[in-house]
Structures are given as structure tokens and as C-alpha cells.
Amino acid sequence: MKIGRGTGVALILLTAATVSAIAMWRHHLKNELPIKVGILQALSGPTVESERPLLEALQLAIEDANAAGGIRGQKIQAVMADCGLDAAQCAREAERLITEEQVQALFGCWTSGCRKAVKEVVEKRHSLLFYALRYEGMEQSPNILYGGAVPNQLVMPAVHWALVNLGNRSEDPG
């Protein structure tokens with residue numbers, strides 16, 4: 001079967017238009033979908049009041065970022081998970097948020113036990129956890145951004161200050 005010149009040009013134009021339409025649709029769809037982040041905090045239980053300021057700070061940061069246009073035009077959507085003090089529950093929620101909710105990163109964990117349980121999940125899933133609280137140190141992971149101070153950052157400056165400012169009080173005549 002022979003295709004006429006006009007038919008060939010029309011077929012090429014139709015193909016180009018289809019490819020362009022698909023590319024524009026994908027670009028539009030990408031900008032419409034939110035960037036999901038998971039928040040692992042106590043939403044119930046004994047630590048909810050202690051954890052509330054961190055949760056509110058995360059929510060405020062997301063609101064501010066979205067009001068400024070999001071990230072590259074994409075809004076940020078928080079997906080909450082109630083994990084409280086139960087490390088195993090926190091790990092299960094982290095797994096769910098990453099695999100089912102398709103979050104891009106996790107924020108939270110209140111205890112070291114929860115952080116350690118979630119560490120295994122984020123390392124296995126090649127995800128990222130932002131952990132803002134102080135912790136005992138002696139732990140590293142390329143999948144966790146540790147934002148809190150460790151003991152040497154808290155204790156050593158205090159000891160140094162005491163040695164410089166208080167000196168040896170046994171020699172004090174007063």
C-alpha cells in the first residue's frame with residue numbers, strides 16, 4: 001500500500017502532536033502531584049503533648065513552603081502516622097508511608113528506640129529520615145539527617161565553661 005505525500009505529512013504531524021501532547025500532559029501532571037512527606041509522631045498517648053511543638057513546627061514549615069509556591073511549583077503534602085513510643089509500630093508506619101503512601105522523606109520519631117527501628121526501614125528502602133531531637137550519638141546512617149545535639153556537644157561546653165569560670169574552688173579563701 002502506497003501512502004500519498006499528503007497522508008505521510010499528516011501522519012508525521014499527528015505523531016508529533018501526540019508526542020507533544022503526552023509530554024505536556026506528563027509535565028502538567030508532575031507539577032500537579034504534591035510532594036508527599038511522612039510525619040512519624042505521637043498523635044495519641046502519653047507523649048502527645050511533648051511531641052506537639054515539633055509536629056506544629058513541621059506543619060508550619062510545610063504551610064510556609066506551600067504559601068511560597070512549594071518546591072519547584074509542587075505543593076508539599078504531609079501524611080501523618082501515629083507511632084508514639086512503640087518502636088515496632090513506628091517501623092511499620094515508616095514502611096507503610098514509604099511503600100504505600102509513596103512519601104519522599106520522613107520526619108519525626110520521638111525516642112531513640114523508634115529512630116533505631118526506623119533506621120532499618122529507611123536504609124532498606126533507600127529513603128530519608130529527618131530526626132530533629134538530641135540523641136546519644138555513636139550512630140551514623142547516610143539515610144538519617146541528625147539535627148539534634150549529641151552529648152559531647154552539650155556536656156563538653158558546660159565542663160569547659162565551669163573550668164574556666166569557676167576554677168578550683170578549694171583554693172578560694174572566702
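**Exercise 1.** In this predicted model, how many aromatic pairs does the structure hold, and which residues form the stacked pair?

*Solution.* Start with the count: the structure holds 1 aromatic pair. The partners are Phe107 and Phe130, whose rings lie 4.6 Å apart, centre to centre. Now check the angle: the planes are 10° apart, and planes under 30 degrees apart count as stacked. The Phe107–Phe130 pair is therefore stacked.

**Exercise 2.** Find the strands that hold Phe107 and Phe130, and say what the pair ties together.

*Solution.* Phe107 belongs to strand 3 (residues 105-108), while Phe130 belongs to strand 4 (residues 129-131). The pair therefore ties together parts that are 23 residues apart in sequence. Next, look at the backbone: strand 3 and strand 4 pair in the parallel sense, over 2 bridges, and Phe107 stands opposite Phe130 of strand 4. To follow the chain between these strands, go from strand 3 through helix 4 (residues 112-125) to strand 4; this β-α-β crossover is right-handed.

**Exercise 3.** Work out how accessible the two rings' residues are.

*Solution.* Phe107 has a relative accessible area of 22%, and Phe130 has one of 25%. Buried would need a value under 20%, and exposed one over 50%. So Phe107 is partly exposed, and Phe130 is partly exposed too.

**Exercise 4.** Which strand does strand 3 join through 4 bridges, and which charged end sits over the ring of Tyr131?

*Solution.* Strand 1 (residues 35-41) is joined to strand 3 by 4 bridges, and the two run parallel. Here Leu40 has Gly108 of strand 3 as its bridge partner. Turning to Tyr131, the charged end of Arg115 sits over its ring, 4.9 Å from the centre.

Technical notes. Residues numbered from 1 in each chain as written. Predicted model: local features only at pLDDT ≥ 70, side-chain atom pairs only at ≥ 80, totals over all residues. Heavy atoms only, no water. Phe/Tyr/Trp six-rings, centres within 6.5 Å; stacked < 30°, edge-to-face > 60°. Buried < 20%, exposed > 50% of the residue type's maximum accessible area, 1.4 Å probe, protein only. Lys NZ or Arg CZ within 6 Å of the ring centre and 35° of its normal. Pairing = 2+ DSSP bridges. Right-handed = clockwise from strand over helix to strand, strands pointing away.
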